[in-house]
Amino acid sequence: MDWYRVLRPLVFSPLAPSPERAHDQAMELLQGLAQLRRSATGRSMLANLRHWFTAQTPELSQTLWGLKFENPVGLAAGFDKDGVAAGAWEQLGFGFAELGTVTLHSQPGNPQPRLFRLLPDRAVLNRMGFNNQGAAALAERLAALRPSPWENPNIPIGVNLGKSKITELEGAAADYLGSFRLLKNWGDYFVVNVSSPNTPGLRSLQDADRLGEILDRLQQDNQGQKPLLVKIAPDLEWSAIDDVVGLAQRFGLAGVIATNTTIRRDQLQTKTLKQTGNPITAEAGGISGQPLRDRATEVIHHIYRQTAGQLPIIGVGGIFSAEDAWDKIAAGASLVQVYTGFVYEGPGLPRRIAEGLAAKLAERGWSSITQAIGCGHGSLEQ
């Protein structure tokens with residue numbers, strides 16, 4: 001599986017397609033893979049592909065929210081916004097996949113160019129703006145995927161919900177609720193995304209009153225049927241993070257995703273964006289990848305400590321290796337997600353992470369990944 005590392009210089013060369021075009025091409029390929037499920041020959045091919053990309057690590061299996069996760073490595077939201085490859089992610093070794101961000105109304109997103117690789121930083125700058133086909137289209141796609149046993153994904157599928165750009169902040173709760181109602185029969189868990197920096201005013205919805213209204217409306221409709229999580233920004237002050245965590249506990253959320261992209265620029269080696277010629281500090285958008293790694297881990301550690309490990313956390317931000325994933329699990333994450341690491345490290349990353357995590361368990365004589373969750377804290381009673 002090192003072929004991607006051989007090809008990577010070509011993938012990232014100046015002659016390669018733009019990052020967004022390269023992403024679109026990858027999604028077209030993955031959509032084609034997902035459609036192979038429709039024939040016996042295709043399913044045989046996918047079984048071979050899954051054998052190649054999937055680690056045999058039963059010690060990584062766990063059940064969370066009544067869902068079985070064969071391994072804790074998931075695909076983060078933003079990669080498959082419209083669920084076109086929902087049937088393919090399990091073949092690449094993922095333990096779960098999160099689709100979206102999806103909004104109630106379809107929208108084109110922000111003007112291009114809006115996706116940039118910051119190669120010296122092993123990072124991505126994106127200001128996509130929730131470009132997606134809308135909740136109804138995603139519901140239709142997932143409904144078509146799920147009826148037949150041979151088509152049903154064998155991994156949990158999450159759905160990340162965002163606010164439509166045309167919806168005023170005062171109508172945010174109704175907007176999220178509309179998407180949830182269209183999709184609640186098709187997602188295994190749902191995420192309230194109030195932390196993207198690319199929709200005007202969205203991060204203000206992390207304010208306790210506004211977020212409380214959204215969570216209240218959703219949970220009244222949900223009635224405990226589906227796990228509901230909230231995704232937070234890494235740039236919040238500790239007190240604001242505590243407020244969000246308090247709301248998660250108050251409204252009985254299933255967990256927290258930590259974290260979204262960051263708007264910080266101070267740690268970047270990249271000073272000028274080549275594609276525009278502008279200083280990186282003048283460019284809008286969120287940074288993902290390696291510059292986010294340590295802050296995301298700190299936030300996970302803080303939430304785990306504040307909740308005495310009682311609120312499950314999905315850790316995301318700067319995961320490029322098993323070591324990165326282990327750090328987040330030791331800090332308190334039950335599951336982890338990759339996006340930018342997947343771009344830089346290629347389709348073999350989930351397997352490498354899973355095998356590396358299994359090796360770390362073996363070194364310690366542990367038999368289950370659950371023993372590692374929060375192990376970096378020692379005793380919370382101390």
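**Exercise 1. The open sheet**

Task: In this predicted model, find in which order three strands form an open sheet, and which of them stand at the edges.

Solution.
Step 1. The strands of the open sheet come in the order β5-β6-β13, and their pairing is antiparallel.
Step 2. β5 (115–118) and β13 (286–289) each have a single partner strand, so one side of each has no neighbour in the sheet; these two are the edges.
Step 3. From one strand to the next, the twist averages 25°.

**Exercise 2. Pairing of β6 and β13**

Task: State how many bridges join strand β6 to β13, and name the bridge partners of V124 and L125. Then say which way the residues of β13 point.

Solution.
Step 1. Strand β6 covers residues 123–126, and four bridges join it to β13. The two strands run antiparallel.
Step 2. V124 has S288 of β13 as its bridge partner, while L125 has I287 of β13.
Step 3. From β13, G286 and S288 point one way, and I287 and G289 point the other way. All of these residues are buried.

**Exercise 3. The surroundings of N126**

Task: Decide whether N126 is buried or exposed, and list what it touches.

Solution.
Step 1. N126 has its place in strand β6.
Step 2. The relative accessibility of N126 is 16%. Buried means under 20%, so N126 counts as buried.
Step 3. Leaving out residues up to four places away in sequence, N126 touches R114, L115, N198, T261, G285 and G286.
Step 4. A polar atom of the N126 side chain lies 3.1 Å from the backbone nitrogen of M128.

**Exercise 4. The barrel and two helices across it**

Task: Give the order in which eight strands close into a barrel. Then find which strands helix α4 lies across, and which strands helix α6 lies across.

Solution.
Step 1. The order in the barrel is β3-β4-β7-β8-β9-β10-β14-β15, with parallel pairing. The twist averages 25° from one strand to the next.
Step 2. As an example of the pairing, take β7 (residues 157–161) and β8 (residues 189–193): four bridges join them, and they run parallel. The bridge partner of L161 in β8 is V192.
Step 3. Helix α4 (residues 135–145) lies across β4 (96–102) and β7. This helix runs at about 150° to β4.
Step 4. Helix α6 (residues 208–222) lies across β8 and β9 (228–232). The angle of α6 to β9 is about 160°.

**Exercise 5. Helix α9 and W326**

Task: Explain why helix α9 is called largely enclosed, and find the contacts of W326.

Solution.
Step 1. Helix α9 covers residues 322–331, and eight of its ten residues are buried, so the rest of the structure largely encloses the helix.
Step 2. The buried residues are A322, D324, A325, W326, K328, I329, A330 and A331.
Step 3. Their cover includes α8 (293–306), β14 (313–316), β15 (335–338) and α11.
Step 4. W326 belongs to helix α9. With 5% relative accessibility, W326 counts as buried.
Step 5. Apart from neighbours within four places in sequence, W326 is in contact with L357, K360, L361, R364, W366, A372 and C375. L357 is 31 residues from W326 along the chain, and the C-alpha atoms of the two are separated by 6.6 Å.
Step 6. After α9 comes G332, which has a positive phi, near 135°.

**Exercise 6. A glycine in a loop**

Task: Locate G346, decide whether it is buried or exposed, and state how far its C-alpha atom is from that of R8.

Solution.
Step 1. The loop between α10 (340–345) and α11 (349–364) contains G346.
Step 2. G346 has 1% relative accessibility, so it counts as buried.
Step 3. G346 and R8 are 338 residues apart along the chain, and 8.4 Å separates their C-alpha atoms.

**Exercise 7. The whole protein**

Task: Compare the radius of gyration of the protein with that of a compact globule, then describe the burial and the contacts.

Solution.
Step 1. The protein has eleven helices and 15 strands.
Step 2. For 382 residues, a compact globule would have a radius of gyration near 21 Å; the protein has 20 Å, so the two agree.
Step 3. Along the principal axes, the C-alpha atoms fill a box of roughly 50 × 50 × 45 Å.
Step 4. Of the 382 residues, 59% count as buried. The exposed area is about 15,600 Å², of which carbon and sulfur atoms supply 51%.
Step 5. Take the contacts between residues at least 6 apart in sequence: 74% of these join residues at least 24 apart.

Methods:
Residues numbered from 1 in each chain as written. Predicted model: local features only at pLDDT ≥ 70, side-chain atom pairs only at ≥ 80, totals over all residues. Heavy atoms only, no water. Pairing = 2+ DSSP bridges. Axes fitted to C-alpha atoms, helices over the stretch in contact; angles between N-to-C directions. Buried < 20%, exposed > 50% of the residue type's maximum accessible area, 1.4 Å probe, protein only. Polar contact = N/O pair within 3.5 Å; in protein donor to acceptor, adjacent residues only side chain to side chain. Contact = heavy atoms within 4.5 Å. Rg over C-alpha atoms; globule rule 2.2 N^0.38 Å. Areas by Shrake-Rupley, 256 points an atom, 1.4 Å probe, with all protein chains shown as cover.
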